[in-house]
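Here are my notes on the model you sent, set out as numbered points. Please read them with the structure open beside you.

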Amino acid sequence: MNKLDTSLIKRIFTASTFNKGEAYHKSGRVHGLQLNSAKNIWRATVSGSKLYTVQIELNGYDIDDDCNCPAHYSCGECKHVCATLLAIADEQNVATSSKKSGTKNARYRRAEELIDYFGESNNRSELNAEDEVLFESRISIEGTYVS
């Protein structure tokens, strides 16, 4: 069950907590979502009245979650964990669709083409005249490169 979906997440939380978590997720309050794939542990920071650290471990049908907010400490569930679970579900959906299509979207396909072209591969494909290529560079007043 390591793959999440909204209907499952909705069943885990009270309606009030789910609605608040969904609002947090939709407003982009989940930051730095990362997966430790060896342990299947997700971590993120969620901005609320403060920054809260969320950790979620997915093991089969078990979800072990932790958040350093007062609500999680007092009642065992919080909108920060809910928002993070929704972000994980989105990330899993993107990963699944990228496996089917080969990449996440057209921008990433073009980036992969450029990496292949300019990389150390001997099998470089030629870029066509109609291919869009965008390069950006910045130079400071002193003439040094600024990234």
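1. Taking the chain as a whole, 26% of its 147 residues count as buried. Please keep in mind throughout that this is a predicted model. The chain exposes about 10500 Å², and carbon and sulfur atoms supply 48% of that area.

2. As for the overall layout, the chain contains 5 helices and 4 strands, and along the sequence these elements follow the pattern α-α-β-β-β-β-α-α-α. Among the contacts with a separation of 6 or more, 42% are made by residues that lie 24 or more positions apart.

3. The largest nonpolar core is made up of 25 residues, and those with the most contacts inside it are L4, I9, V81 and L85. Two or more residues come from each of helix 1 (6-12), helix 2, strand 2 (41-47), strand 3 (51-59) and helix 4 (79-101). Helix 4 gives the most to this core, with 8 residues.

4. L4 deserves a separate look, and it is placed in the segment before helix 1. L4 is buried, because its relative accessible area is 1%, where under 20% is the cut-off for that term. Not counting residues up to four places away in sequence, L4 touches I9, L58, I63, L85, I88, A89 and Q92. One of these partners, I88, is 84 residues from L4 in sequence, yet the two C-alpha atoms are 7.3 Å apart in space.

5. I9 may be read alongside L4, since L4 is among the residues in contact with I9 once neighbours within four places in sequence are left aside. The other residues in contact with I9 on that basis are F18, C82, L85, L86 and A89.

6. Helix 2 (residues 15-26) passes a simple check of its length: at 1.5 Å a residue, its 12 residues should span 16 Å, and its end C-alpha atoms are 16 Å apart, which agrees. Which residues of helix 2 are buried? They are T17, F18, G21 and Y24, and because they cover an arc of only 125 degrees around the axis, they lie on the same side of helix 2. In general, an α-helix has 3.6 residues a turn, so residues three or four places apart point the same way.

7. On the face of helix 2 turned away from its buried side, the exposed residues are A15 and K26. Helix 2 is followed by G28, which has a positive phi, near 75 degrees.

Conventions:
Residues are numbered from 1 along each chain as its sequence is written. This is a predicted model: local features need pLDDT of at least 70, side-chain atom pairs count only at pLDDT 80 or more; totals for chains, interfaces and linings use all residues. Side-chain values use heavy atoms; hydrogens and water are left out. The expected span of a helix is 1.5 Å times one less than its number of residues. Buried means under 20% relative accessible area, exposed over 50%, partly exposed in between (1.4 Å probe, protein chains only). The arc is that of the directions from the helix axis to the C-beta atoms. A nonpolar core is a set of buried Ala, Val, Leu, Ile, Met, Phe, Trp, Tyr and Cys residues joined through side-chain atoms within 4.5 Å. Contact means heavy atoms within 4.5 Å. Accessible areas come from the Shrake-Rupley method with a 1.4 Å probe; for residues, only the protein chains shown count as cover.
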